Amino acid sequence: MARLVLLSEGLTGRTFELKAEKTTVGRVPDNTFEIPEASVSSHHAEIHLRGNEVFIKDLNSTNGTFVNGEKVSEVVLKPGQILRLGMVEMRLETADPVSAAAATKKVQMLDQTRVIPQGVKLDELEGSRTPLDFSKSGFEKKDNKAVKTFVAVVILVGVILVGALVWVLAKAH
């Protein structure tokens, strides 16, 4: 019997037996095989069993359906191949001993892959010699002496102009 084994982090080891002629796969509960992950469309794909063959058909999903890294719309899925719906990867396994051996070999290859961490730690950056002050959020009010000086000069000039105007008017009478 054919089954899908999920490989993606958080879903690893979860399996789904392909028993029906038609299996719908998607994010929402009305699918036969529900995968509650944001990158999987609500109705992402259909899986059809025809004899010993497993067909996968994309249902115009947003993030696509891929077999061994190649985008597909409809294709025969062979045992051991990696199927990706959105960002969720899974492998087709069957009870066939030959394909089971191939799938085991692929699992061993996957077990030997390295997880590359995302991002870089601050202390690993070259040239970052200035210590950072994390006690401030960056949204504190800044003390801007130039603005204060400008305002003072504008007020002083305004007072002088008003004084000069009053003096000119007083002389005119």
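Biologist: Before we start, when do two strands count as paired, and in which sense do β7 and β10 pair?

Modeller: Two strands pair if DSSP finds at least two bridges between them. In this predicted model, β7 and β10 share 3 bridges. One of the contacts across the strands sets threonine 65 against its bridge partner in β10, leucine 85. The sense of the β7 and β10 pairing is antiparallel.

Biologist: Thanks! Which residue takes a positive phi in the hairpin of β10 and β11?

Modeller: Happy to show you. β10 and β11 run antiparallel and are joined by 4 bridges, with leucine 83 standing opposite methionine 90. The hairpin has 2 residues between the strands. The residue with a positive phi, near 65°, is glycine 86.

Biologist: How many residues does the largest nonpolar core have?

Modeller: Those with the most contacts inside this core include Leu83 and Met90, along with Phe33 and Ile35. β1, β5, β6, β10 and β11 each give two or more residues to the core. Isoleucine 35 touches Leu85, Val88 and Met90, among others. The residue count for the largest nonpolar core is 23.

Biologist: Now the charged side chains: which residue forms a salt bridge with arginine 3, and is that partner buried or exposed?

Modeller: Side chains of opposite charge can pair when their charged atoms come close. For arginine 3, in strand β1, the partner lies 90 residues away in strand β11, with the closest N and O atoms 2.8 Å apart. Arginine 3 itself is partly exposed at 30% relative accessible area. The partner has 14% relative accessibility, which is under the 20% limit, so the answer is buried glutamate 93.

Biologist: Which residues are linked with Glu93 in a network of salt bridges?

Modeller: Arginine 91 also forms a salt bridge with glutamate 93, with closest N and O atoms 2.6 Å apart. Arginine 91 is buried, at 4% relative accessible area. Together with the arginine 3 bridge, this gives a network in which Glu93 is linked with Arg3 and Arg91.

Biologist: And which residue pairs with lysine 22 in a salt bridge?

Modeller: Lysine 22, in strand β3, reaches a residue in strand β5, 24 residues apart. The closest N and O atoms are 3.5 Å apart. Lysine 22 is partly exposed at 45%, whereas its partner is buried at 13%. That partner is glutamate 46.

Biologist: Last one: which element has the lowest mean pLDDT?

Modeller: The mean pLDDT of the protein is 82. Strand β7 has the highest mean among the elements, 95. Where pLDDT is low, the predicted coordinates should not be read in detail. The lowest mean, 56, belongs to helix α1.

Note on methods
Residues numbered from 1 in each chain as written. Predicted model: local features only at pLDDT ≥ 70, side-chain atom pairs only at ≥ 80, totals over all residues. Heavy atoms only, no water. pLDDT = per-residue confidence, 0-100. Core = buried A, V, L, I, M, F, W, Y, C linked by side-chain atoms within 4.5 Å. Buried < 20%, exposed > 50% of the residue type's maximum accessible area, 1.4 Å probe, protein only. Contact = heavy atoms within 4.5 Å. Salt bridge = Lys/Arg side-chain N within 4 Å of Asp/Glu carboxyl O. Lists of a residue's contacts leave out its neighbours within four places in sequence.
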